[in-house]
Amino acid sequence: MKKRYLISLFILLSFVSLFIGVKSMSPLEVFNFTDEQSQVFWISRVPRLVSIIIAGASMSICGLIMQQLSRNKFVSPTTAGTMDAARLGILVSLILFSSASLMQKMMISFLFALAGTFLFMKVLDRVKYKDAIFIPLVGLMFGNVLGSITTFFAYKYDLMQSIGSWLQGDFSVVLKGQYELLYISVPGLIIAYIYANRFTIAGMGEDFSVNLGLKYKQIVNIGLVIVALVTTVVMLTVGAIPFLGLIIPNIVSIMMGDNLKANLFPTAMMGAVFVLICDILGRLIIYPYEISIGLMVGVIGSILFIYLLLRRRAYV
């Protein structure tokens, strides 16, 4: 898909998203909104659109970075335990620091996500059988172990309902004053663009990178910090969005190749477009009720994931 078509589709979907919801409002009335319509538009619709765009773009780029650094097309925050580690960090913050601010909870969750991602990469280094399918299975098992620990202590401390809000992505709760934490991920995306060429070189292996004079471990650490930070911010703001960082980079890679810097913008745009489509469908299918974005992306993403698995020969 050419960039101009992708941008046009993005603009169209963004416009449509602003005028879909229980509260009826028309683009023709935009300059004549009632006070109630104006409040809904600026307090709910616009923040929701901004959060969809940032979450979709940032999680897709996180998947692209992880796939490049791990040299595996099926590695992402979902299949590497990053999301599960972040969720465990949220639980720890609720148990030990119940009165902590959202920013403090984010830092605790970020540290857990970073530690979980580093641990997965260490396991990856020790695995000799680096099959395209085997590695993400290891990541899924690692994530399930972390998820089991989270569930156990959530039941023990009667926090299952509290932690459940982070188990399912949901943009319906996004309002003005509750989504601004997402802006923290924007500097991470800028850093990802600056280091894109170095991530590409690092993805060719440690020996090759060192021979070219690249500080391999430093570059890998920068990439993992970006992934952990963005994943934590998105999870704290809108919840977990499965498969997004897995399928979007693969689709872009199929169409455009494996140049990370060249793929950053298309990946970000396609991630935002995909989440916009899922969100709009979620609002329309059982209107006036709504299907959560986590469920919509999970269903559509699982279908696309199966398609990618059927193409696995291309990734070996």
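In the predicted model, Val145, Ile149, Phe152, Phe153 and Tyr157 form a nonpolar surface patch of about 450 Å². One member of this patch, phenylalanine 152, is located in helix 5, which covers residues 134-156. Phenylalanine 152 has a relative accessibility of 52% and therefore counts as exposed, the threshold for that class being over 50%.

Another patch residue, Ile149, is among the contacts of leucine 88. Leucine 88 belongs to helix 3 (residues 82-96) and is buried, its relative accessible area being 12%. Leaving aside residues up to four places away in sequence, leucine 88 touches Phe112, Leu146, Ile149 and Thr150. The C-alpha atoms of leucine 88 and phenylalanine 112 are 7.1 Å apart, with these positions 24 residues apart along the chain. Helix 3 also carries a salt bridge between the side chains of aspartate 84 and arginine 87, with an N to O distance of 3.3 Å. Aspartate 84 and arginine 87 are 3 residues apart, about one turn of the helix. Residues three or four places apart in an α-helix point the same way, because there are 3.6 residues a turn. Both aspartate 84 and arginine 87 are buried.

The count of salt bridges comes to 4. Arg48, Asp279, Arg283 and Glu290 are linked in a network of such pairs. Within this network, arginine 48 pairs with aspartate 279, and the closest N and O atoms are 2.7 Å apart. Arginine 48 lies in helix 2 (residues 35-70) and aspartate 279 in helix 12, so this salt bridge ties together parts of the chain that are 231 residues apart in sequence. Both arginine 48 and aspartate 279 are buried. Arginine 48 also forms a salt bridge with glutamate 290, for which the closest N and O atoms are 2.4 Å apart. This pair links distant parts of the chain, from helix 2 to the loop between helix 12 and helix 13, 242 residues apart. The relative accessibility of arginine 48 is 7%, so arginine 48 counts as buried, whereas glutamate 290, at 31%, counts as partly exposed.

Arginine 48 and aspartate 279 are also among the residues that phenylalanine 171 touches. Other contacts of phenylalanine 171, not counting residues up to four places away in sequence, include Ile52, Val238, Ile241 and Ile293. The largest nonpolar core has 93 residues, and the residues with the most contacts inside it are Ile65, Leu69, Phe120, Phe171, Val234 and Ile241.

Helix 10 comprises the 23 residues 216-238. At 1.5 Å a residue it should span 33 Å, which agrees with the 33 Å between its end C-alpha atoms. Of the 23 residues of helix 10, 17 are buried, so the helix is largely enclosed by the rest of the structure.

Several backbone features occur outside the helices. Glycine 239, just after helix 10, takes a positive phi of about 100°. Phenylalanine 243 has a positive phi of about 70° although it is not a glycine, and is placed in the loop between helix 10 and helix 11 (244-256). The peptide bond from tyrosine 287 to proline 288 is cis, with omega near 10°. Proline 288 is in the loop between helix 12 (260-284) and helix 13 (293-310). For context, most residues other than glycine have a negative phi, and most peptide bonds are trans.

Note on methods
Residues numbered from 1 in each chain as written. Predicted model: local features only at pLDDT ≥ 70, side-chain atom pairs only at ≥ 80, totals over all residues. Heavy atoms only, no water. Patch = residues over 30% accessible without salt bridge, like charges linked within 9 Å, V, L, I, M, F, W, Y side chains within 5 Å. Areas by Shrake-Rupley, 256 points an atom, 1.4 Å probe, with all protein chains shown as cover. Helix = DSSP H or I, 4+ residues; strand = E, 2+ residues; numbered from the N terminus. Buried < 20%, exposed > 50% of the residue type's maximum accessible area, 1.4 Å probe, protein only. Core = buried A, V, L, I, M, F, W, Y, C linked by side-chain atoms within 4.5 Å. Contact = heavy atoms within 4.5 Å. Expected span 1.5 Å × (residues − 1).
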